[in-house]
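Here is a short tour of the model, written for someone who would rather be at the bench. Keep the structure open alongside the text and look up each residue as it comes along.

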Amino acid sequence: MFVKNHWYVAGWDYEIDQRPLARTICGEPVVLYRKFDRTPVGLRDACPHRLLPLSMGIKEGDNIRCRYHGLLIDSDGAAVEMPVRSERVHKSVCTKAYPVVERHRFVWIWIGDSALADPSTIPDFWPCSDPKWTFDGGYYHIRCDYRLVIDNLMDLSHETYVHQGSIGQHEILNAPIETNATGNKVTVTRWMPNIDAPPFWRSALKKQGPVDRWQICHFLAPSSVIIDVGVALVTAGATIDEHDQGVRGFVIDAMTPEDETTSHYFWGMARNFDIDDAGFTARFKQQQGGVFMEDVAILEAQQRSLLLNPTLKLKAFSIDTGGVRARQVIDRMVAAQE
Amino acid sequence: MFVKNHWYVAGWDYEIDQRPLARTICGEPVVLYRKFDRTPVGLRDACPHRLLPLSMGIKEGDNIRCRYHGLLIDSDGAAVEMPVRSERVHKSVCTKAYPVVERHRFVWIWIGDSALADPSTIPDFWPCSDPKWTFDGGYYHIRCDYRLVIDNLMDLSHETYVHQGSIGQHEILNAPIETNATGNKVTVTRWMPNIDAPPFWRSALKKQGPVDRWQICHFLAPSSVIIDVGVALVTAGATIDEHDQGVRGFVIDAMTPEDETTSHYFWGMARNFDIDDAGFTARFKQQQGGVFMEDVAILEAQQRSLLLNPTLKLKAFSIDTGGVRARQVIDRMVAAQE
Amino acid sequence: MFVKNHWYVAGWDYEIDQRPLARTICGEPVVLYRKFDRTPVGLRDACPHRLLPLSMGIKEGDNIRCRYHGLLIDSDGAAVEMPVRSERVHKSVCTKAYPVVERHRFVWIWIGDSALADPSTIPDFWPCSDPKWTFDGGYYHIRCDYRLVIDNLMDLSHETYVHQGSIGQHEILNAPIETNATGNKVTVTRWMPNIDAPPFWRSALKKQGPVDRWQICHFLAPSSVIIDVGVALVTAGATIDEHDQGVRGFVIDAMTPEDETTSHYFWGMARNFDIDDAGFTARFKQQQGGVFMEDVAILEAQQRSLLLNPTLKLKAFSIDTGGVRARQVIDRMVAAQE
């Protein structure tokens, strides 16, 4: 059971264009495209006539014509021309149109009850669109329950082993973490004071001297995780509440359920330093894609194991508190929906 | 649920030979082969001993010997020699033999109750075997419910979009159609009087001047569609009832269910002009195969969409009346069978 | 339903090494490896923390560290180090450890109730480890119910057709067989007195003259078959009870269920002649592998046919008595287990 009455990322702003894109979200096949004024459109991906996917159709202006018998559907899902053009269109001939909003570099969709779709509840991905920040990232189709990705991101101790060839280091496991859960928000904070900056952050900081380092994982219900990361010189006096004194980034992760055991994984990084360095942006995206692919391999193996071992249950250790709390929020949202 | 008490095309006359051919029909695995006198044989494709497919067996005269332990089965499905040859064969050792008849260039099979198999009820595919006509065609395995193919063929308005690169034209959608249903017969007639012949028919007619053109789709229950097509000069006075004054063809379509969502599709065209032009026959078969492959792509996508959208229902417009009536006939036949 | 309270071959002694090997047995994913002292270990292939397969883990001494969060599991399945190393390990954090014993060139596993695992009940594969004998063989993954392989091996009359290009000959079918079933033991004996030795055995015997030949299939419940084969000069006076006067081999077959329709097939041959001829051993293994691959093709086709023809039942002839009796033993063992 999915939280259907919420906004999910349907795609990157760059993925959705005039040409129809098919993507199944929370079990529902959806076709996504843009109108000429660039407004994004999301319709159930099935012609109301004989159910051929509309994503196989022909764009005509802002409408889409089914490739089977030519029923013409407008961007509200209503049929506007019958196969026999002289016939009158009955208003019952329509396909579901989903509320779709473009914000913070993503196109968001509301799969559940449209009447409840309030754009002000779109998760606040502000670093993705703030002009003082630079943001880029990619997309992976991943064969696992989206909640396994949330577990993964709310506990960075896995970096030591999953990413031991890239970003993992034993120091992460040793730093204490603090988990806070209030309402639908869950935060896991790891503050590493007065340490030697690892190469990536030293190079970003461009300054010598001991640093304070932080990793603050924010769960944004039902299926996003934003991780506030960075370092600042100890002498700069950064705190958990205020830490813009050094270099700072946000790792952005939006997971959208496709079905029970497959998901769409949208990932990226926003940063507030060297924001005009396009080469840095591209190199970082490539590196981050490689690291996240290591997670994909682990998460897909974990999903297979869950299916092969139906009598075994996941166990939660102290490091899993963030994920456990996030799943409690999801469970409450699902229960409230029913 | 299939109409089992009826004749289905099991294969082209050229597909079935001495060598055993495996084909699943209405969910039942069948092995097909010919005796030396060319009589076709259809047996359940499972040795009565340990169920190894007989289609893996060794032909011995008109019999087939199982490749596992050597049980010898005759063309009536009876075992005639045990693995230990000195042992007596009990008459209970046998496999189901299906009534099989070769007619009109196809081998027909009766999957249901053999006692009811009357060859006089084989659909009348006379243009396929009439010496004044020439007939050829091909076979596609198609991953869809056979009824989706019937819908497709009983409504040629899809040609405009599905075959827009080949035979489609908007004129087809504009011509009125008339649907007649009497008993188990359903006919959809599109009569286009006094028009300019399209290139294919002009070249077949070899005469200048305005023509009458027709497309008359005949549903032959439970799973064939024959389409009477052609043109005649307006001055020749063709009518819906009599139209042999020009050039005429029959598009032949026999769909045999494999299982609930896959089918065997036998297609071809019979014509009464240039009947000795083997080059024309071969070129037309190649062209027709390309057009039908366009249908296969659409129909398989439609089937996938039906499975992915279990809560959505097919809608019927005026153009679908022929298919709707054909499905009513099928539903009545299934109900009568139970 | 499997006989779980019994020993199954988990792997060849040469397959299982320091490096973890994943193999599903009776539906349970298992990871197999060796300790430094070469003792084999079998654990449920799922980390007790988040179920990632332990077979993806990192060996550390005799322990295995999960590649996800680094939980360290010892060879008894107990966690000995938490991801956060300073945390205490609770004894409930453990994975199932299976009784595993190396004997007769194989590593055996007990999937059911460990308390009942008595190594003295491991099937007696003595020719595989007796110093006066030489033994080698291979492994196939086979997509069929393991009982189909038992049927196959308890009735060698299939050799005539399945192996007609290699070891099959009509003489086998004509020799009478005798089946004995006592308790959980089933034996099928085919004694061929005073015949001409086939080329393989003539070459092994290295003597001229008529021979007595035997094939004695022993079913070792629940899933092994050992076939005592060989020839001796008629003048040597071999009997069914005593036949070490000529050349003798044991065809070894151990089938381990993976799930309901797939199995692990461990096969080989032990012999008491030319035991130091490594070239003979290698050539024979290659030849035997080819012959058994012919069985694999038949058995997988039979399994597919069983699934496609759910209403049809296997029939038993006289030649099948050994397999029928073996299945009765299996059924009794399953019933006793419940």
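Across the interface of chain A and chain C, the rule finds 1 salt bridge. Its partners are the side chains of C:Arg50 and A:Asp151, with 2.8 Å from N to O. Please keep in mind that this is a predicted model. The predictor gives the complex an ipTM of 0.93 and a pTM of 0.93, and chain A averages a pLDDT of 95, with 99% of the residues scoring at least 70.

**The contact between chain A and chain C**

- Chain A brings 31 residues to this contact, and chain C brings 27 residues.
- About 2400 Å² is buried between chain A and chain C, and carbon and sulfur atoms give 59% of that area.
- Three residues stand out on the chain A side: A:Tyr161, A:Lys315 and A:Phe317 supply 29% of the area that chain A buries against chain C, more than any other three residues.

**The contact between chain A and chain B**

- Here chain A contributes 27 residues and chain B contributes 31 residues.
- The area that chain A and chain B bury between them is about 2400 Å², with 59% of it on carbon and sulfur atoms.
- On the chain A side, A:Arg50, A:Leu51 and A:Tyr68 supply 32% of the area buried against chain B, more than any other three residues.
- The rule finds 1 salt bridge across the interface of chain A and chain B.
- That salt bridge pairs A:Arg50 with B:Asp151, and their closest N and O atoms are 2.8 Å apart.
- A:Arg50 therefore has two entries in this group: it forms the salt bridge with B:Asp151, and it is one of the three residues that supply 32% of the area chain A buries against chain B.

**How the copies are related**

- Chain A superposes on chain B by a rotation of 120° with 0.0 Å of shift along the axis, and the RMSD is 0.1 Å.
- The two copies are thus related as by a three-fold rotation axis.
- Which residue of chain A comes closest to the rotation axis? A:Leu307 does, with its C-alpha at 13 Å.

**A covered strand in chain A**

- Strand β16 of chain A covers residues 224-233, and 10 of its 10 residues are buried.
- On one side of β16(A), the buried residues are A:Ser224, A:Ile226, A:Asp228, A:Gly230 and A:Ala232.
- On the other side of β16(A), A:Val225, A:Ile227, A:Val229, A:Val231 and A:Leu233 are buried, and both faces are thus covered.
- β16(A) runs antiparallel to strand β15 (residues 211-220) of chain A, and 10 bridges join the two.
- Within that pairing, A:Val231 of β16(A) has A:Arg213 opposite it.
- β15(A) and β16(A) make a hairpin, with 3 residues between them.
- β16(A) is also joined by 8 bridges to strand β17 (residues 247-259) of chain A, again antiparallel.
- In β17(A), A:Ala254 is the residue opposite A:Ser224.

**An open sheet in chain C**

- In chain C, 4 strands form an open sheet in the order β2-β3-β4-β9, with antiparallel pairing.
- β2 (21-25) and β9 (97-98) of chain C are the edge strands, each with a single partner strand, so one side of each has no neighbour in the sheet.
- Inside the sheet, 5 bridges join β3 (residues 28-34) to β4 (residues 40-44) of chain C, and these strands run antiparallel.
- C:Arg34 has C:Pro40 in β4(C) as its bridge partner.

**Backbone details worth a look**

- A cis peptide bond leads from B:Ala221 to B:Pro222, with omega near 0°.
- B:Pro222 sits in the loop between β15 (211-220) and β16 (224-233) of chain B.
- Chain C has a cis peptide bond between C:Ala221 and C:Pro222, where omega is about 0°.
- C:Pro222 is in the loop between β15 (211-220) and β16 (224-233) of chain C.
- A:Asn194 is not a glycine, yet its phi is positive, at about 55°.
- A:Asn194 belongs to strand β14 (residues 185-195) of chain A. Is this residue buried or exposed? A:Asn194 is exposed, with a relative accessible area of 53%.
- C:His104 also has a positive phi of about 55° without being a glycine.
- C:His104 lies in the loop between β10 (100-103) and β11 (106-110) of chain C, and C:His104 is buried, because its relative accessible area of 15% is under 20%.

Technical notes:
Residues are numbered from 1 along each chain as its sequence is written. Chains are lettered from A and ligands numbered from 1 in the order in which they are written. This is a predicted model: local features need pLDDT of at least 70, side-chain atom pairs count only at pLDDT 80 or more; totals for chains, interfaces and linings use all residues. Side-chain values use heavy atoms; hydrogens and water are left out. Buried means under 20% relative accessible area, exposed over 50%, partly exposed in between (1.4 Å probe, protein chains only). pLDDT is the predictor's confidence in each residue, from 0 to 100. Two strands pair if DSSP finds at least two bridges between them. Copies are superposed by least squares on the C-alpha atoms of residues with pLDDT of at least 70 in both. Contact means heavy atoms within 4.5 Å. Buried area is the accessible area (1.4 Å probe) that two parts lose on being put together, summed over both. A salt bridge is a side-chain nitrogen of Lys or Arg within 4 Å of a carboxyl oxygen of Asp or Glu.
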